[in-house]
Amino acid sequence: MRSKIILVILMLFASPALVSAKGKKINKIVIDAGHGGKDVGARGAISMEKDITLAVSLKLGKIFADSIKDVQVIYTRTTDSYPSLVDRHEIANQASADLFIAVHVNSTPFTYTRVLEGYKTVKKHHKTVKQPIYRQVKHHETKRSGVETYVLALRRNYQKEKSIGEYSENVTNESGLLDENDPQTAIIIAQYSQVFLAKSVSLGSKIQEQFALQNRPDLGVKQLPLEVLAGSAMPGVLVEIGFITNIEEEAYLNSERGQFEVALAIFKGIRSYKADVEK
């Protein structure tokens, strides 16, 4: 419900006279497998985030290739490599992509408990007393589970507008390409950023709906000031596909079935969004 309210508010501020939010074809999608190389991401009991994100991203791309022939999939990585955050959104911008989809795996902070290991004898005030010896044990397991999708936080919107301006040749309006010498261009860019955010919320909501249909806990659509979303001149989302620190969910995300179901949910969400945008 909260994500739907955000979407309505954003759409109220977007002027259809300057920016069209409908009718644009979705021809190119960038799939960004989070982390990679030396940046392993979150760690679980049996796996690392970088490996799960790559496996799911490749499966997602294959579903598109097999199902929707008019959509070109562009990967930020297809191996265990690490493109920088700037490299990732630059790949999308250079390709004039229509959507940016980042795949990540969630985790929870470490917690600590004190475990009594024994006692030692010490002298205190001329008396011999037993003093307990404790050891701190670090825990990373959690019972938390589910999927959440992030869109760009408004406080990072200045970078989004800068990216739209730098790649204005990729952005069209009813008058054609944006003209950097036209004083109205800054207004149009600001309105594009609003529309892109509204579209991102819509896309995120449709992806979350598909996970809910799979009976995965729906943790909602939220906002974060993420570099990969701020630097890309297009709508985009970052999907946290589950908790690697939940033993059951980690096993699911490492299974062929789990990875395929995750990829399928994201695919169906994008397909639903695509159909709605292209009406």
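## Salt bridges and a mixed sheet

Let's start with a long-range contact: Lys59 and Glu256 join their side chains in a salt bridge, with N to O at 3.5 Å. This pair brings together distant parts of the chain, since Lys59 sits in helix 2 (residues 49-67) and Glu256 in helix 8, 197 residues apart. Glu256 is exposed, at 57% relative accessible area. Keep in mind that this is a predicted model.

The structure holds 10 salt bridges, and here are three of them.

| Pair | N to O distance | Separation in sequence |
|---|---|---|
| Lys59 and Glu256 | 3.5 Å | 197 residues |
| Lys274 and Asp70 | 3.6 Å | 204 residues |
| Glu249 and Arg216 | 3.1 Å | 33 residues |

Take the second pair. Lys274 belongs to helix 8 and Asp70 to the loop between helix 2 and strand 2, so their salt bridge ties together parts that are 204 residues apart in sequence. Is each partner buried or partly exposed? Lys274 counts as buried, with 8% relative accessibility, while Asp70 is partly exposed at 45%.

As for the third pair, Glu249 is in helix 7, and Arg216 is in the loop between helix 5 (185-213) and strand 9. Both Glu249 and Arg216 are buried. There's a network too: Asp70, Lys274 and Glu278 are joined by salt bridges that share partners.

Now for the sheet. It's an open one with 6 strands, mixed in its pairing and ordered 2-1-3-10-6-9. Strand 2 (72-75) and strand 9 (218-224) take the edges; each has a single partner strand, so one side of each has no neighbour in the sheet. On average, neighbouring strands are turned by 25° against each other, ignoring direction.

How do strand 1 and strand 2 pair, and over how many bridges? Strand 1 (residues 28-33) runs in the parallel sense with strand 2, over 4 bridges. Within this pairing, Val30 stands opposite Ile74 of strand 2.

Two helices that carry salt-bridge partners also pack on this sheet. Helix 7 (residues 247-254) touches strand 3 (99-106) and strand 10 (236-243), and its direction makes about 120° with that of strand 10. Helix 8 (residues 256-277) touches strand 1, strand 3 and strand 10, with its direction at about 150° to that of strand 3.

One last stop is on the surface, where Leu116, Tyr119 and Tyr134 make a nonpolar patch of about 330 Å². Tyr134 comes from strand 5 (residues 127-139) and is partly exposed, at 41% relative accessible area.

Definitions and conventions:
Residues numbered from 1 in each chain as written. Predicted model: local features only at pLDDT ≥ 70, side-chain atom pairs only at ≥ 80, totals over all residues. Heavy atoms only, no water. Pairing = 2+ DSSP bridges. Axes fitted to C-alpha atoms, helices over the stretch in contact; angles between N-to-C directions. Contact = heavy atoms within 4.5 Å. Patch = residues over 30% accessible without salt bridge, like charges linked within 9 Å, V, L, I, M, F, W, Y side chains within 5 Å. Areas by Shrake-Rupley, 256 points an atom, 1.4 Å probe, with all protein chains shown as cover. Salt bridge = Lys/Arg side-chain N within 4 Å of Asp/Glu carboxyl O. Buried < 20%, exposed > 50% of the residue type's maximum accessible area, 1.4 Å probe, protein only.
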